[in-house]
Amino acid sequence: NQLTHVTLTNYSKSEESRELIQKALLENDFMKHLEASQILTIMDCMYPTTLTQGCCVIQEGDDGSTVYVLEEGSVEVTKGEQKLCTIERGKVFGELAILYNCTRTATVTALTDIKLWAIDRQGFQTIMMRTGLLKHSNY
Ligand code: CMP
């Protein structure tokens, strides 16, 4: 399988950022069921990105391929004309499209300048897959 040949890249982070990301992943309803080693690997592979106030981070209906942890600032989640919520520092978003292999369920807009940690589908799926393979080889 192709996923076994993907090279995972680690991005260096401050201890504070490492803790923020791990806590965010562990608090997320979907991510918290992952194994501790998977959480750590996802955290290591997340890369930094920034956007300015007013930018659209995620557009409802798009094919989504990135999961984010918000490190600085806040974002608004909307669906059609309806405002769903505001997301603050230390929270995961953009996980649903990857986990359910669906299009983006909502639009996410930067309310301030924001700093994010991100991981793309390929890296995320490689981490899921490798752990599955390792488990399998233990049987
Ligand atoms: P995703 O569907 O990939 O992209 C849009 C994101 O908005 C979604 O993942 C969730 O992370 C987030 N989101 C969608 N609906 C809600 C909601 N009702 N409350 C909070 N966050 C949401």
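Q: Before we get to the helices, what counts as two residues being in contact here?
A: Two residues are in contact if their C-beta atoms, placed from the backbone, lie within 7 Å. Keep in mind that this is a predicted model.

Q: OK, so which residues of α1 meet α2?
A: On the α1 side they are Arg18, Ile21, Gln22, Leu25 and Leu26, and in α2 they meet Ile39, Ile42 and Met43.

Q: And how does that contact split by class?
A: The contact of α1 with α2 has six nonpolar residues, one polar and one charged.

Q: At what angle do the two axes cross?
A: Roughly 130°, with the axes of α1 (residues 15–27) and α2 (residues 36–45) coming within 10 Å.

Q: Why call α1 and α2 oblique?
A: Angles of 65 to 115 degrees would be roughly perpendicular and those over 145 roughly antiparallel. A crossing of roughly 130° fits neither, and α1 and α2 are therefore oblique to each other.

Q: Is the crossing left-handed or right-handed?
A: The crossing of α1 and α2 is right-handed.

Q: Which strands does α1 lie across?
A: α1 lies across β3 (66–72), β6 and β8, and runs at about 125° to β3.

Q: Switching to sheets. What's the strand order in the one with β3?
A: That open sheet has four strands, ordered β1-β8-β3-β6, with antiparallel pairing.

Q: Which strands stand at its edges?
A: β1 (47–51) and β6 (92–93) do; each has a single partner strand, so one side of each is left without a neighbour in the sheet.

Q: How many bridges join β1 to β8?
A: Five, and β1 runs antiparallel to β8 (residues 114–120). Leu51, for instance, has Ile114 in β8 as its bridge partner.

Q: What about the sheet with β2 in it?
A: It's an open sheet of four strands in the order β2-β7-β4-β5, paired antiparallel. The edge strands are β2 (56–58) and β5, each pairing on one side only. Neighbouring strands of this sheet are turned by 30° against each other on average, direction ignored.

Q: How many bridges join β2 to β7?
A: Two bridges join β2 to β7 (residues 107–110), and the strands run antiparallel. Ile58 stands opposite Val108 in β7.

Q: Now the ligand. Which residues come nearest?
A: Phe93, Leu96, Ala97, Thr105 and Ala106, of the 14 residues around the ligand.

Q: Which elements supply at least two residues of that shell?
A: β5 (82–87) and α3 (96–100) each do.

Q: And how do the shell residues divide by class?
A: There are nine nonpolar residues, three polar and two charged in the shell around the ligand.

Notes. Residues are numbered from 1 along each chain as its sequence is written. This is a predicted model: local features need pLDDT of at least 70, side-chain atom pairs count only at pLDDT 80 or more; totals for chains, interfaces and linings use all residues. A residue is near a molecule or strand if its C-beta atom, placed from the backbone, lies within 6 Å of it. Ala, Val, Leu, Ile, Met, Phe, Trp, Tyr, Cys and Pro count as nonpolar, Asp, Glu, Lys and Arg as charged, and the others, Gly among them, as polar. Two strands pair if DSSP finds at least two bridges between them. Axes are lines fitted to C-alpha atoms, for helices over the stretch in contact, and angles run from 0 to 180 degrees between N-to-C directions. Angles under 35 degrees count as roughly parallel, over 145 as roughly antiparallel, 65 to 115 as roughly perpendicular and the rest as oblique. A crossing is left-handed if the near helix is turned anticlockwise from the far one by less than a right angle, and right-handed if clockwise.
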